[in-house]
Protein chains: 2
Amino acid sequence: MEEKAFQDYYPDDVSHCYGCGRLNEHGYQIKTRWDGDETITIFEPKSYHTAIPGYVYGGLIASLIDCHSTGTAAAAAYQADERGMESLPPYRFVTASLHVDYLKPTPLGVPLEVRGTIKEIKGRKVVVTSTLSANGVICARGEVVAVQMPDNLLSSS
Amino acid sequence: MEEKAFQDYYPDDVSHCYGCGRLNEHGYQIKTRWDGDETITIFEPKSYHTAIPGYVYGGLIASLIDCHSTGTAAAAAYQADERGMESLPPYRFVTASLHVDYLKPTPLGVPLEVRGTIKEIKGRKVVVTSTLSANGVICARGEVVAVQMPDNLLSSS
């Protein structure tokens, strides 16, 4: 049986994200897992996730890097605290800043691989760098500053 | 009659972008126009474009800033060359880098306003800064480095 993804541990009330929520039927429902010290997400865009014909839409690339990185931040926080991802209270991170460098056009029609590295953990902040590859070629690089979600954010919904 | 949007001038073969292509029936089909020296896009997310309940998904915010900025870059290039947007050859820009600072949670259920400012035009490069507001409050800031699309990019599709 395949190992559960980080997103499979998210509590129900934070599992509606368009990018990574398993309960959002319209969304991407990305799945991120450890691969050694790195994290990995594989995602195959639909044909309409296009920018110019034949290439992947940059907004999707930014979205994948974003949710991959907040998931990685949560996993890193559990790991740093030597806690299992099923333990309570849950860690959930939101994005403070997102940076993407588009290095070359990303071909459409093949699975994309996002790989994340934890650059820094400090207090409630985790910095994650990542690459997005197609056919083994790095097409984009990302850096996300993720911060632990304020406790009061859900109460206002 | 409302003034045509920048995206309405894009040639058909570059009008399939998920963010801004008028021919992508699945996409956002954003519309950007001049407002004085600034550019403006108004977009109302769907209920499923959520991050945590009640707030807009950050990947959508990045996507809006991205396509708003490439459209603004094209309009700025026409303006700099004192050309109409219907004149040939067409200018079309792609994103070299995208940076978004998420300043506060963006409420879902109201129209979002993206405002762009042309920071720099140099050769084939245009830098656009932008704000994204909801209910008159700035929730995110963006900076996009856009570059004129290489002529050979379409031929490989």
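A polar contact here is a pair of N or O atoms within 3.5 Å; within protein, one must be able to donate a hydrogen and the other to accept it, and residues adjacent in sequence count only if both atoms are side-chain atoms. Keep that in mind for the tour of this predicted model, where local features need pLDDT of at least 70, side-chain atom pairs count only at pLDDT 80 or more, and totals for chains, interfaces and linings use all residues. Residues are numbered from 1 along each chain as its sequence is written, chains are lettered from A in the order in which they are written, and side-chain values use heavy atoms, with hydrogens and water left out.

First, select residues of either chain with heavy atoms within 4.5 Å of the other. You should get 37 residues from chain B and 37 residues from chain A.

Next, color by buried area (accessible area, 1.4 Å probe, lost on putting the two parts together, summed over both). The total is about 3000 Å², with 63% from carbon and sulfur atoms. Pick B:Tyr18, B:Ile52 and B:Tyr57: they supply 20% of what chain B buries against chain A, more than any other three residues.

Now switch on polar contacts: 13 residue pairs turn up across the interface, both partners at pLDDT 80 or more. On the chain B side, helix H1 (58-80) and strand S3 (93-102) each give two or more residues (helices, H or I, at least four residues, and strands, E, at least two, are DSSP runs numbered from the N terminus). S3(B) gives the most, with 8 residues.

Last stop: strand S3 (residues 93-102) of chain A, which runs antiparallel to S3(B) and is joined to S3(B) by 5 bridges (strands pair if DSSP finds at least two bridges between them). Zoom in on A:Val100, which stands opposite B:Leu98.
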